[in-house]
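Grab a coffee and work through these short exercises with the model open beside you. Try each task before you read its solution.

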Amino acid sequence: MSYAVIETGGKQYRVSEGDIITVEKIEGGKGDTVIFDRIYMVKSGSEYLIGTPNVRGAQVISEIVAQIKGPKIYVFKMKRRKGYRKKTGHRQRLTQLRIREIRLS
């Protein structure tokens, strides 16, 4: 089984071909192709390629499955004895990707 460690949105993800992952929002519509070139590690068969910091010539090709929103997160601020109370919410925009291919050149 081969896999790669990619970086997007300031986070690292371990991906294999066929995986569906949820990442920070990437611009594009359903069916668009996204190519990642910041690959930190690739395992192919029994061989490991570790980048310094990136693996040269490696690419992960994926397609956008959906643009979604994450769960609602509530933010509540309060100062005791002052009568100050504030409640707000936030939903992070996310992109679901299907990994099509891990390519080594």
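**Exercise 1: A serine in a loop**

In this predicted model, the side chain of serine 16 comes to 3.4 Å from the backbone oxygen of serine 2. Your task: find where serine 16 sits along the chain, decide whether serine 16 is buried or exposed, and list what serine 16 touches.

Solution, step by step:

1. Start with the strands. Serine 16 falls in the loop that links strand S2 (11-15) to strand S3 (20-24).
2. Next, check the accessibility. Buried means under 20% relative accessible area, and serine 16 has 9%, so serine 16 counts as buried.
3. Now look at the neighbours. Leaving out residues up to four places away in sequence, serine 16 touches Met1, Ser2, Tyr3, Ile99 and Ile102. Ser2 is also the partner whose backbone oxygen the serine 16 side chain reaches.

**Exercise 2: The whole chain**

Work out which secondary structure elements the protein chain has, and whether the chain is compact or spread out.

Solution, step by step:

1. Count the elements: you should get 10 strands and zero helices.
2. Compare the radius of gyration with the globule rule. The chain has 19 Å, well over the 13 Å the rule gives for 105 residues, so the chain is more spread out than a compact globule.
3. Look at the extents too: the C-alpha trace spans about 65 × 30 × 20 Å along its principal axes.
4. Check the burial: 30% of the 105 residues count as buried.
5. Finish with the charges. There are 22 positive and 10 negative side chains, and the centres of these two sets are 20 Å apart.

**Exercise 3: Two loops with odd backbones**

Find the cis peptide bond at a proline and the residue with a positive phi that is not a glycine.

Solution, step by step:

1. Keep the background in mind: most residues other than glycine have a negative phi, and most peptide bonds are trans.
2. Go to the loop between strand S6 (47-50) and strand S7 (58-69), where you'll meet glycine 51. Glycine 51 is buried, with a relative accessible area of 16%.
3. Proline 53 is in the loop between S6 and S7 as well. The peptide bond from threonine 52 to proline 53 is the cis one, with omega near 0°.
4. Move on to the loop between strand S8 (73-79) and strand S9 (84-90), which holds arginine 81. Its phi is positive, at about 65°.
5. Last, check its accessibility: exposed means over 50%, and arginine 81 has 70%, so arginine 81 counts as exposed.

Technical notes: Residues numbered from 1 in each chain as written. Predicted model: local features only at pLDDT ≥ 70, side-chain atom pairs only at ≥ 80, totals over all residues. Heavy atoms only, no water. Helix = DSSP H or I, 4+ residues; strand = E, 2+ residues; numbered from the N terminus. Buried < 20%, exposed > 50% of the residue type's maximum accessible area, 1.4 Å probe, protein only. Polar contact = N/O pair within 3.5 Å; in protein donor to acceptor, adjacent residues only side chain to side chain. Contact = heavy atoms within 4.5 Å. Rg over C-alpha atoms; globule rule 2.2 N^0.38 Å. Lys, Arg positive; Asp, Glu negative; His and termini not counted. Charge placed at Lys NZ, Arg CZ, Asp CG, Glu CD.
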